[in-house]
Amino acid sequence: MKRVAQVIRVRPEMLDEYRALHRDVPQPVLDQLRRCHIANYSIHLLGDRLFSYFEYHGEDLAADLARMSADEATQAWWKLTAPCQQPVREAAPGEWWATMEQVFLME
């Protein structure tokens with residue numbers, strides 16, 4: 001299992017919209033996340049930063065993320081959520097959600 005933590009900025013003027021969207025995530029989007037071996041997915045907010053965490057239980061994260069990106073329901077969902085977001089300055093070129101480095105884990 002691989003733990004993944006990511007961060008992105010939420011546009012302050014879109015915060016209410018972002019919260020409203022996540023009160024009712026479409027079931028096909030949730031189903032696709034599960035098919036891509038993603039579990040325990042959560043998003044947290046602090047100021048204008050969104051922090052996401054999920055556990056990946058597959059063998060090839062890049063391939064599963066590509067499969068998710070090709071999913072029509074997921075693409076439609078991202079068209080709704082993307083205007084609410086803005087990459088953080090620490091994001092690599094072309095990176096939307098910036099992946100965070102794990103520096104500690106208590107098991």
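User: Let's start with the strand pairs. How many bridges join β1 to strand β4?

Analyst: Keep in mind that this is a predicted model. Strand β4 covers residues 85–86, and β1 runs antiparallel to β4. One pairing to look for is V10, whose bridge partner in β4 is Q85. The number of bridges joining β1 to β4 is 2.

User: And which residue in β5 is the bridge partner of V7?

Analyst: Strand β5 covers residues 98–99, and 2 bridges join β1 to β5 in an antiparallel arrangement. Find V7 and look across to β5: the bridge partner there is A98.

User: Over how many bridges do β1 and β3 pair?

Analyst: β1 takes in residues 2–10, and its pairing with β3 is antiparallel. You can follow the match along the strands: K2 stands opposite Y56, and Q6 has S52 as its bridge partner. The bridge count for β1 and β3 is 8.

User: β2 and β3 form a hairpin, so to speak. Which residue in the turn has a positive phi?

Analyst: β2 and β3 run antiparallel, joined by 7 bridges, and A39 stands opposite E55 in β3. The hairpin has 2 residues between the strands. One residue in that turn has a positive phi of about 60°, and that residue is G47.

User: Now the inside. Which element gives the most to the largest nonpolar core?

Analyst: This core has 11 residues, among them I8, V10, L15, Y18 and L21. The elements that give two or more residues to this core are β1 and α1. With 3 residues, the one that gives the most is α1.

User: Leaving out residues up to four places away in sequence, what does L15 touch?

Analyst: L15 is one of the residues of the largest nonpolar core, and so is V10. Not counting residues up to four places away in sequence, L15 touches two residues: V10 and L45.

User: How many residues are in the second, separate core?

Analyst: Look for V4, L33, I38 and F54, which are included in this second core. The residue count for that core is 8.

User: Is V29 buried or exposed?

Analyst: You'll find V29 in helix α2. The relative accessible area of V29 is 4%, and anything under 20% counts as buried, so V29 is buried.

User: Which residues does V29 touch, not counting those up to four places away in sequence?

Analyst: V29 has company from far along the chain: D71 is 42 residues apart from V29, yet their C-alpha atoms are separated by 8.6 Å. Among the residues V29 touches is one that belongs to the largest nonpolar core too, W77. The full set of contacts is A73, T74 and W77.

User: What is the volume of the largest pocket?

Analyst: Here's the general idea: rolling a probe the size of a water molecule over the atoms shows where empty space is left. For the largest pocket, the volume comes to about 940 Å³.

User: Which residues are the closest to the centre of the largest pocket?

Analyst: The lining of the largest pocket has 33 residues. They divide into 20 nonpolar, 10 polar and 3 charged. The closest to the centre are L33, Y41, I43, W78 and W97.

User: Last one: which element gives the most to the lining of the largest pocket?

Analyst: Several elements each supply at least two residues of this lining, including α1 (15–22), α2 (27–35), β3 (49–56) and α4 (72–81). The top contributor supplies 8 residues, and that is β2.

Definitions and conventions: Residues numbered from 1 in each chain as written. Predicted model: local features only at pLDDT ≥ 70, side-chain atom pairs only at ≥ 80, totals over all residues. Heavy atoms only, no water. 1 Å grid on protein atoms, 1.4 Å probe; cavity = no way out; pocket = protein on both sides within 12 Å on 5 of 7 lines; lining within 4 Å. Points joined across faces, edges and corners; volume = space filled by probe spheres on them. Helix = DSSP H or I, 4+ residues; strand = E, 2+ residues; numbered from the N terminus. Nonpolar A, V, L, I, M, F, W, Y, C, P; charged D, E, K, R; others polar. Pairing = 2+ DSSP bridges. Core = buried A, V, L, I, M, F, W, Y, C linked by side-chain atoms within 4.5 Å. Buried < 20%, exposed > 50% of the residue type's maximum accessible area, 1.4 Å probe, protein only. Contact = heavy atoms within 4.5 Å.
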